[in-house]
Structures are given as structure tokens and as C-alpha cells.
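Reader: Please take a close look at a single part of this model and tell me how its residues are placed, with the cut-offs behind each term.

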Amino acid sequence: MSSPPPLPEKSSPVRKPLFEDCWSCRILSGGGLLASGGYVFMQARKFMHLGGPTSMGTVAQIIFAAGLASWGLVVIADPVGKSTRKE
């Protein structure tokens, strides 16, 4: 019994960052996420300001708005690959 022939080694393709160095793309998409987070937050706050009870749904809206805004900041800052490993 002979063993099967060895499989050729495949090199994995190098993954490029989504926006690479396109500053305007990062500003546009990150700004859109920041704006949508602000809109969701203001809608939740408007409901509370009008005297509505603070329910779990309102809290979930505020948390979701914070997540959208954070995502927008990460897209703008583009921290992937900028940190160096200490040896």
C-alpha cells in the first residue's frame, strides 16, 4: 500500500483591510454610523424627556446607539495593524 501523494501547500491570500487607505471612505462610513447612533440616542432620549417611563426597550435603544457610535469611531480610527508587538 502506498501513501497518497502529498498535497501541495497552499498559501493563504493576504487579507487587505476593508477600506485600505481610503480616508474619505472611512470618514463617510464612520460618520454615517456616528450620525445613526446619535439619531437612535436622541429618539430614546426624546421619549424619556416627554415623560415616558424608562423601560428595558429604552435602555436597549441607548445601548444600541452607543454601539453604533463606537463602531463609527473604530471605522474612522482604523486601529487594525497599527499596533506593534513588543518582544
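Author: Setting aside residues up to four places away in sequence, T58 touches A44, F47, M48 and P53, where a contact means heavy atoms within 4.5 Å. T58 lies in helix α2, helices being DSSP runs of H or I with at least four residues, numbered from the N terminus. With a relative accessible area of 2%, T58 is buried; that word stands for under 20% relative accessible area, while exposed stands for over 50% and partly exposed for what falls in between, computed with a 1.4 Å probe on protein chains only.

This is a predicted model, in which local features need pLDDT of at least 70 and side-chain atom pairs count only at pLDDT 80 or more, whereas totals for chains, interfaces and linings use all residues. Residues are numbered from 1 along each chain as its sequence is written, and side-chain values use heavy atoms, with hydrogens and water left out.

A65 is also found in helix α2, which runs over residues 56–77, and it counts as buried because its relative accessibility is 4%. Leaving aside neighbours within four places in sequence, A65 is in contact with G37, V40 and F41, and its C-alpha atom is separated by 9.0 Å from that of M42, a residue 23 positions apart from A65 along the chain.

The helix as a whole has 22 residues and reaches 31 Å from its first C-alpha to its last, close to the 32 Å expected at 1.5 Å a residue, the expected span being 1.5 Å times one less than the number of residues. Its buried residues are T58, A65, L68, G72, V75 and I76. Seen down the axis of α2, these buried residues fall within an arc of 105 degrees, so they line one face of the helix; the arc is taken from the directions from the helix axis to the C-beta atoms. That buried side packs against α1 (23–49), whereas the face of α2 turned away from it carries the exposed residues M56, I63, W71 and L73.

From α1 comes one further detail, concerning R26, which has its place in that helix and counts as buried at 7% relative accessibility. A polar atom of the R26 side chain lies 3.4 Å from the backbone oxygen of I76; a polar contact is a pair of N or O atoms within 3.5 Å, where within protein one must be able to donate a hydrogen and the other to accept it, and residues adjacent in sequence count only if both atoms are side-chain atoms. After α2 comes D78, whose phi is positive, near 50 degrees.

Definitions and conventions
Helix = DSSP H or I, 4+ residues; strand = E, 2+ residues; numbered from the N terminus.
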